[in-house]
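Work through the two exercises below with the structure open. Each task is followed by a solution in steps.

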Amino acid sequence: MSLNPVRAFVLIIFGIIANDSIAAPPSWAYGYKTAPTKTEIEKVPACPLNARPIDCAYPATVATDGDVKRQLPNSPFSFSRNEAYFDYGPADWYPGDHPVMPDIVAKGRQKDGVRACALCHYPNGQGKMENGGLAGLPAEYILQQLSNFKNGLRHSADPRKANVNEMARIAASLTDAEVQSAANYFSSMPWRPWVRVVESKLVPSVRVTTNGLYIPLAGLPWESIGTRIIEVPEQPERTEVMRDPRSGFIAYVPPGSIAKGKAMTSTGGGRTLPCSSCHGANLQGVGVIPGIAGRSATYIFRQLYDVQQGTRQSQIMAPIVARLSVEDMINITAYVASLKP
């Protein structure tokens with residue numbers, strides 16, 4: 001592969017190539033069933049810097065039953081799939097579960113193609129496996145991450161991951177007031193139990209939605225888990241079709257990984273530092289350092305991998321993850337996700 005010096009420098013800075021070899025990320029962690037092509041990995045930036053945020057997203061799929069009204073338990077409302085997924089004011093099934101949303105969270109800014117924060121992260125901030133849960137994160141930490149997205153310091157190791165590309169453009173489009181109001185809003189709510197970690201040799205066969213959500217396929221044989229984490233909704237239809245903000249996830253992890261992860265996070269295993277050194281004794285955060293206990297397993301893994309590859313830059317975390325294998329990161333993730341928030 002021959003690259004001009006400027007492009008090679010950019011790619012190395014983003015952690016995408018080293019010594020002219022291409023590193024393919026673990027596809028299962030990024031919502032894909034196949035590895036990215038060489039051309040896709042080399043695509044930097046993954047979305048033009050002058051693009052509107054919505055232009056970085058995958059085109060919306062049209063559902064044949066998109067206008068059928070549905071209900072969720074204990075909600076006084078009924079919404080159609082189209083209403084649940086409306087980019088600039090998605091359905092809010094349980095307004096009593098959260099404070100009044102700022103406009104940028106509830107509606108976004110349609111004229112500029114900035115979709116509502118609540119669309120991906122839910123009004124209660126719990127989010128889904130293909131994006132991040134924001135509830136309970138320190139406001140200062142959220143502000144820092146938005147700044148990193150805006151300034152090119154946070155990307156995905158898999159450049160196909162459209163919601164990360166979109167997030168970078170959203171962060172660059174927000175006003176200071178919008179950034180502050182969103183950070184204050186999500187940090188005001190506690191993180192609640194959201195993922196059930198299950199050790200298993202077998203996992204359900206899945207299909208993948210356009211945004212990277214794994215949906216189990218009923219009636220098909222289960223397959224070997226291998227060196228993977230497979231995270232699926234507890235109630236697939238309620239998550240996929242209705243965006244149920246009260247229905248969480250199951251993370252299937254390899255047998256023995258929780259115990260191995262506990263040992264690694266407690267001692268460092270000779271390859272890293274104990275996680276409690278920064279995230280506190282119960283991994284629930286200290287000051288501006290976020291809590292990681294009980295959060296999405298695949299999300300945690302992606303962040304460890306992205307930091308290791310240099311696509312998510314962190315002076316603190318980079319040396320901590322530098323010597324970890326993919327299996328190490330799976331084990332750490334399995335244990336951390338299994339903890340009570």
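**Exercise 1.** The model is predicted. Describe the second largest pocket by its volume, its lining and the elements that form the lining.

Solution.
- Step 1, volume: the space in the second largest pocket comes to about 690 Å³.
- Step 2, lining: 26 residues line the second largest pocket, and those nearest its centre are Ala60, Thr61, Tyr85, Thr210 and Asn211.
- Step 3, elements: two or more lining residues come from each of helix 3 (81-84), helix 5 (117-121) and helix 7 (162-173). Helix 7 contributes the most, three residues.
- Step 4, character: the lining of the second largest pocket consists of 12 nonpolar, seven polar and seven charged residues.

**Exercise 2.** Decide which cysteines form the disulfide, and state why cysteine 120 and cysteine 275 do not bond to their closest cysteine sulfurs.

Solution.
- Step 1, cut-off: a disulfide requires two cysteine sulfur atoms within 2.5 Å.
- Step 2, the bonded pair: cysteine 47 and cysteine 56 have an S to S distance of 2.0 Å and are joined. This is the one disulfide that the structure holds.
- Step 3, handedness: the torsion about the S-S bond of cysteine 47 and cysteine 56 is about -70 degrees, so the disulfide is left-handed. Both of these cysteines are buried.
- Step 4, cysteine 120: the closest cysteine sulfur, in cysteine 117, is 9.0 Å from that of cysteine 120, too far for a bond. Cysteine 120 has a relative accessible area of 24% and is therefore partly exposed.
- Step 5, cysteine 275: the closest cysteine sulfur belongs to cysteine 278, at 8.8 Å, again too far for a bond. With a relative accessible area of 17%, cysteine 275 is buried, because the limit is under 20%.

Notes
Residues are numbered from 1 along each chain as its sequence is written. This is a predicted model: local features need pLDDT of at least 70, side-chain atom pairs count only at pLDDT 80 or more; totals for chains, interfaces and linings use all residues. Side-chain values use heavy atoms; hydrogens and water are left out. On a 1 Å grid over the protein atoms alone, a cavity is a set of points where a 1.4 Å probe fits but cannot get out, and a pocket is an open set with protein on both sides within 12 Å along at least five of seven lines; lining residues have an atom within 4 Å of a point. Grid points are joined across faces, edges and corners, and a volume is the space filled by probe spheres set on the points. Helices (H or I, at least four residues) and strands (E, at least two) are DSSP runs, numbered from the N terminus. Ala, Val, Leu, Ile, Met, Phe, Trp, Tyr, Cys and Pro count as nonpolar, Asp, Glu, Lys and Arg as charged, and the others, Gly among them, as polar. Buried means under 20% relative accessible area, exposed over 50%, partly exposed in between (1.4 Å probe, protein chains only).
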